[in-house]
Amino acid sequence: MTTHHHPTQADMHYLQLLSQSFPTIAAASTEIINLEAIMALPKGTEHFLADIHGESEAFRHILKNASGNIKRKVNELFGNDIRESEKKELCTLIYYPEQKLELIKAREEDLEDWYRITIHQLVKVCRDVSSKYTRSKVRKSLPEEFSYIIQELLHESLSDIDKAAYVSVIVNTIISTGRADDFICAICNVIQRLAIDQLHILGDIYDRGPGAHIIMDTLRQYHSWDIQWGNHDILWMGASAGNDACICNVLRLSLRYANLATIEEYGINLVPLATFALEAYKDDPCEEFMPKLLPGNQMDEKTQLLTAKMHKAIAVIQFKEEAAIFSRRSEWQMQNRMLFSAVDYKRGVCTIDGKEYEMKSCHFPTVDPANPNALTPEETDLMQKLHHSFRICEKLKKHVRTMLSHGCMYTVSNSNLLFHASCPLNDDGSLKEVEIYPGVSYSGKDLMHNIGMMIRAAFTQGNAESTEEYPKDYARDYFLYLWCGPDSPLFDKSKMATFERYFLKDKDTYKEEKGNYFKLRDSEQVCDRILDAFGVKGQVRHIINGHVPVHASKGENPIKAGGRLMVIDGGFSEAYHHETGIAGYTLVYHSRGFQLVQHEPFTSMQDAIVREIDIKSTTQIIEMSAHRMLVADTDKGEELKAQVADLKQLLYAYRHGIIKEQRI
């Protein structure tokens, strides 16, 4: 029992405030009992996803099936009581209630009987997933119109004969009043919601796939989530903040993968770019710029050629815009990436590190060899239009605000350190000091935190130059460094060889040497050093990253450094499947331990609903807790313990007349 002392002056202010919420001894005692009870509940399930890359259908499916968590519950609950096919149908119904109901109603002869059995099964699943939570938390997640009924069904014991009759009457009434469909949809959504307590997204929602905006809209509705920004998210945030080099990169990647759905959805007007490209590159076959079409992308030749011309036009402008920032920010020492200055346009060669390399083609109608990094008047005009289009896009602004309010560069949650890609290291594995602003250097946790502050500075309203630690114009430029700077925690490679891949014949020039973090992250000692530096406590602690696809087909293991590091690139992006042989990993951390789930590629929502094809997932249990983890064992538990201590302090103050109870 803590000994309570006479409160200090500072304590008194706080206790007076607290007494407004709990005006009596009874109120404070009840709250203590309530908090103690919450701490004794099993830990909620956390779900980790990374590198979704615009694959909104696969993303939504994995959210719905909670990476196989719901299937696991259904198997535990019904075991051999119902057939495999019935379990499958029940799972599909939980994931896609509206769509599945339509199909079942079309084929089911005795619908009332089906409704009766199914509602009972769904209540059983719902009771199981809600058993981890307090009644009030469950109540808050229930849809208003069925809240009372679902509560009654969840908390009734079916063993009691009278109660069983009562429950049957409720179910029969739902069916007879024609509310069965609505009720089933409502309870399925509750199951989906309660199956996951907290969702962690380790970056890269944007680029490659068609539905980044759909993912962002889904997340805005999601009950509890956080994000550690990835390099592709930063690129779009930079574009929204008005960094012209980021705007060019965003457009170039969209054109490269012939994926303009997200750009169009944000209402970015590409007509000026198309008009400009057709004029400037009218005689250019633009072979190196033909879009990479993913299976199922039917694009006719004429459109492919137009896309290639737009792709080249924006790439050339991008290299010029980047050069402008690199020369303006000489402290980054990236002037060696201003490669238009290194080309001999007559001989068709480019000099890198003193060595000449042959160009694939040397057709640059908008490059003036005397001043190769200058934009032409037409390019300048085009960039003003594109800049304006990105800056006024309300929907993109809204999505960026959501990323800012739910995210940062890293987070620590229940002894897990999450960040997207890397933590810059020296050759010996010690944390590297990185200069993020002239004369200002940080490493490890301070580096990540300050980069987060820098990013926020780019979005300050008005011209708050003086109040910010980092000037707004510098912060806006810094997005480019985060995207391709050698010491950026989101990139951490020697260079981004975009120019070389487009224009040089020699494939040796395409090599991007990975930074020390990627070379040393299999060392337990290095991982422990990073965990210590971020102040991660706990007997069993982990670093969890995305960013780098795991080459499972080549035998690479996603678990490294003796279990201290897990790499879970979701591998959602079709562009990577040939590389990894799988569709990546997600991670589930429930009260009994960690499960790493390996997914095969998702076919389509249609297949999932009609043919009941769930994502094939193989589960590796990586770590089982010796005991079932409770809320008390988590970060939330620490907060609750502190609240209990404060309330006990308040009780002491009431009982000793230091603060008067407020009679109601």
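In this predicted model, strand β15 is joined to strand β16 by a hairpin whose connection consists of two residues. Strand β15 spans residues 585–590, and its pairing with β16 is antiparallel and extends over six bridges. Within that ladder, Y589 has F594 of β16 as its bridge partner. Strand β16, which covers residues 593–599, is mostly covered, with six of its seven residues buried.

## The five-stranded sheet

A mixed, open sheet is formed by five strands in the order β8-β9-β12-β14-β13. Its edge strands are β8 (410–413) and β13 (559–560), each of which pairs on one side only. Helix α24, made of residues 524–533, packs on this sheet and touches β9, β12 and β14, with a direction that makes about 95° with that of β12.

Strand β12 (residues 542–545) is covered on both faces, since H542 and I544 on one side are buried, as are I543 and N545 on the other. On one flank, β12 is joined by three bridges to β9 (residues 416–419), and these two strands run parallel; here L418 has I544 of β12 as its bridge partner. Strand β12 is also joined to β14 (residues 565–567) by three bridges, again with the strands running parallel, and in this pairing N545 stands opposite V567 of β14. The pairing of β13 with β14, by contrast, is antiparallel and involves two bridges, with I559 placed opposite M566 of β14.

## The three-stranded sheet

Another open sheet has three strands in the order β4-β5-β6, and its pairing is antiparallel. Strands β4 (343–344) and β6 (355–358) each have a single partner strand and stand at the edges, so one side of each is left without a neighbour in the sheet. The link between β4 and β5 (residues 349–352) consists of two bridges in the antiparallel sense, and the bridge partner of V343 in β5 is C350.

## Two helix pairs

Two packed helices are described by the angle between their axes and the distance between the axes. The values for two such pairs are set out below.

| Helix pair | Axes come within | Crossing angle |
|---|---|---|
| α7 (residues 111–130) and α11 (residues 180–195) | 9 Å | roughly 25° |
| α16 (residues 271–280) and α18 (residues 377–391) | 9 Å | roughly 165° |

Because angles under 35 degrees count as roughly parallel, the crossing of roughly 25° places α7 and α11 roughly parallel to each other. Their crossing is left-handed. On the α7 side the contact is made by W114, Y115, I119, L122, V123, V125, C126, V129 and S130, and on the α11 side by A180, D181, F183, I184, I187, C188, V190, I191 and L194. Sorted by class, this contact has 16 nonpolar residues, one polar residue and one charged residue.

For the other pair, the relevant cut-off is that angles over 145 degrees count as roughly antiparallel, and the crossing of roughly 165° therefore makes α16 and α18 roughly antiparallel to each other. Helix α16 passes α18 in a left-handed crossing. The residues that make the contact are P272, L273 and F276 of α16, together with E378, E379, L382 and K385 of α18. By class, this contact of α16 with α18 comprises four nonpolar, no polar and three charged residues.

## Two individual residues

R193 lies in helix α11. With a relative accessible area of 33%, R193 is partly exposed. Once its neighbours within four places in sequence are left aside, R193 is in contact with K140, S141 and H223. The C-alpha atom of R193 is separated by 8.5 Å from that of Y222, although the two residues are 29 residues apart along the chain.

Q228 belongs to strand β3, which runs over residues 225–228. Because buried means under 20% relative accessible area, Q228 counts as buried at 1% relative accessibility. When neighbours within four places in sequence are left aside, the contacts of Q228 are with I201, L202, G203, C408, M409, Y410, T411, L418, F419 and H420. One of these contacts, L418, is the residue whose bridge partner in β12 is I544.

Conventions: Residues are numbered from 1 along each chain as its sequence is written. This is a predicted model: local features need pLDDT of at least 70, side-chain atom pairs count only at pLDDT 80 or more; totals for chains, interfaces and linings use all residues. Side-chain values use heavy atoms; hydrogens and water are left out. Axes are lines fitted to C-alpha atoms, for helices over the stretch in contact, and angles run from 0 to 180 degrees between N-to-C directions. Helices (H or I, at least four residues) and strands (E, at least two) are DSSP runs, numbered from the N terminus. Angles under 35 degrees count as roughly parallel, over 145 as roughly antiparallel, 65 to 115 as roughly perpendicular and the rest as oblique. A crossing is left-handed if the near helix is turned anticlockwise from the far one by less than a right angle, and right-handed if clockwise. Contact means heavy atoms within 4.5 Å. Ala, Val, Leu, Ile, Met, Phe, Trp, Tyr, Cys and Pro count as nonpolar, Asp, Glu, Lys and Arg as charged, and the others, Gly among them, as polar. Buried means under 20% relative accessible area, exposed over 50%, partly exposed in between (1.4 Å probe, protein chains only). Two strands pair if DSSP finds at least two bridges between them.
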